[in-house]
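Good morning, colleagues. Please turn to the sequence and the structure on the screen, and I shall take you through several of the charged residues and one residue of the interior.

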Amino acid sequence: MRAVALFLGFLGWATGAVAGEFFQLTGHGGPIKGIAVSPDGRQILTASFDNSLGFWRDQEPLWLEGHEAAVNSVVFVTDTLAVSAGDDFAVRLWDLSAGTSQLLGQHKGKVMALRVAPDGGSVASASWDGTVGIWPLSGGASRSIQVDSNVNDVAFAQDGAALFSASADGKIRLYDTATGDLRQLFLTNGFGVNTLVLREDLGWLAFGAVDGVTKIVTPDTAELIKDITLERRPILAMTSSRDGRHLAVGDGEGYILMLNTEDWSIANDIRATHRGPIWALAFSADGENIHAGGLDEAMFSWPLSDPDDTPRMVAEGRAFLNGNDSASNGERQFQRKCSICHTLTGDSARRAGPTLKDVFGREAGTVSDYSYSDTLLTSDVIWTSQTIDALFDLGPDVYIAGTKMPVQRITRAEDRADLIAYLRLYSDFED
């Protein structure tokens, strides 16, 4: 009965015949960074750390390949056109009926968010190069708005003539869309602002910040309407239902806070992922479900209609990152530092990095089912206990400058040694 209920829930999303059931979309090889629902409500796009987009119209997705690094954001323009962007600095326009894309342009840093202009003629991108890009979709020159701080999110005013930016310096600014001129320093928060949701039609702007601040203000004067800040931090995702009746807020601890916008009361507060943060949120077109993505390799869709009966997810044999008391320190290091991008099986399984099975003695850039950067293809690195130790001691950005690997270190020598010992369990080579 449980399997039948989940299957019907999936069909309910796909056809609109049934609403308000739990379902999940699985198949990505990494965390879900962005989610978008088509205007007609019958299609979903998921953007993933595995460098791919999933285009879901049925149980099996169409995989859209074109990015060279993690895809952070995706938006529908129409039911057949979409725009995506990510860690490769690229902004791509997709013809969904053909499954092909073209490059609109590139930033000089990671692109974190996208918004479609009210007239549908252009898309704005928020980038860590300190700019907002304006990309016309039917030809014409792109424009750049200089913010001079990493930009995390953008939101168009209702008429499209102005847009708000949210940045790492804690400031929300209002710009003239056509000229790029700063109209107003709208608001200053003590810590970086990550998310914006603007509903001028309903008279409010919501924002979430690194320090957990979640506030609702008026979009003209920044007057405080409601402070809904909880202890959880940071705020990483935020979205409103199409009718504006609900605002969903996702945080770094894996919770979704659901708010009734009529009186800003808390409608629900659920733990919505197996582990880690909520990076992506989107409502179904009918507002009956909230779709969520994070560290798990699946998008989960939660019903709003009966929160007391919301099904609880089971890890299906996978231990949570936190609370797995039986795991060795080496396994925990692998889960925390490596498992998002790499498997320990014989194939790379749609991950953002190659399999680490039999990594010892292997020349860098030689796994056949993975597409490497030029840096690793031309590298002379051989993976041994010494080179793996150096990789995490110095950090990939230092040890192999130009690699696509995330910037991260394991600072304690004991932790590096335990990780290496754990990886040896999956390799026959001894160095």
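Asp389 is partly exposed, since its relative accessible area is 23%. Please bear in mind that we are examining a predicted model. The carboxylate of Asp389 takes part in a salt bridge with the side chain of Arg416, at 2.9 Å from N to O. Arg416 belongs to helix α6, residues 413–424, whereas Asp389 belongs to helix α4, residues 385–394, so this pair ties together parts that lie 27 residues apart in sequence. Arg416 counts as buried, at 8% relative accessibility. Nor does the pair stand by itself: a network of salt bridges links Asp389, Asp393, Arg409 and Arg416.

How many salt bridges does the structure hold? There are 12. I shall describe two further examples.

One of them joins the side chains of Asp153 and Arg115, with a distance of 3.0 Å from N to O. This pair links distant parts of the chain, as Asp153 is in strand β14, residues 151–156, and Arg115 is in strand β10, residues 111–116, the two being 38 residues apart. Are these partners buried or exposed? Asp153 has a relative accessibility of 5% and therefore counts as buried, the cut-off being under 20%. Arg115, with a relative accessible area of 26%, is partly exposed.

The other example is the salt bridge between the side chains of Asp201 and Arg199, at 2.9 Å from N to O. Here Arg199 counts as buried, at 12% relative accessibility, while Asp201 is partly exposed, at 45%.

Let me turn to Glu200. This residue is found in the loop that runs between β18, residues 193–199, and β19, residues 204–209. Glu200 has a relative accessible area of 33% and is partly exposed. Which residues form a negative surface patch with Glu200? They are Asp159, Asp220 and Glu223. Because patches are made of residues with over 30% relative accessible area and no salt bridge, the value of 33% for Glu200 meets the first of these conditions.

From the surface we move to the interior, and back to strand β14, which is also the place of Val151. Val151 is buried, with a relative accessible area of 0%. What does Val151 touch, once residues up to four places away in sequence are set aside? Its contacts are Met112, Ala126, Ser127, Trp128, Gly130, Thr131, Val132, Ser165, Ala166 and Ser167. For a distance in space, consider Val151 and Asp129: their C-alpha atoms are 7.6 Å apart, and the two residues are separated by 22 residues in sequence.

I shall finish with the protein overall. The secondary structure comprises 6 helices and 28 strands. The protein has 431 residues, of which 55% count as buried. Its accessible surface is about 18,600 Å², and carbon and sulfur atoms account for 49% of that area. Finally, when we take contacts between residues at least 6 apart in sequence, 41% of them join residues at least 24 apart.

To recapitulate the salt bridges, Arg416 and Asp389 meet across helices α6 and α4, and Asp153 and Arg115 meet across strands β14 and β10. Thank you for your attention.

Key. Residues are numbered from 1 along each chain as its sequence is written. This is a predicted model: local features need pLDDT of at least 70, side-chain atom pairs count only at pLDDT 80 or more; totals for chains, interfaces and linings use all residues. Side-chain values use heavy atoms; hydrogens and water are left out. Patches are made of residues with over 30% relative accessible area and no salt bridge: like charges are joined within 9 Å, nonpolar side chains (Val, Leu, Ile, Met, Phe, Trp, Tyr) within 5 Å. Accessible areas come from the Shrake-Rupley method with a 1.4 Å probe; for residues, only the protein chains shown count as cover. A salt bridge is a side-chain nitrogen of Lys or Arg within 4 Å of a carboxyl oxygen of Asp or Glu. Lys and Arg count as positive and Asp and Glu as negative; His and the chain ends are not counted. The place of a charge is taken as NZ of Lys, CZ of Arg, CG of Asp or CD of Glu. Helices (H or I, at least four residues) and strands (E, at least two) are DSSP runs, numbered from the N terminus. Buried means under 20% relative accessible area, exposed over 50%, partly exposed in between (1.4 Å probe, protein chains only). Contact means heavy atoms within 4.5 Å.
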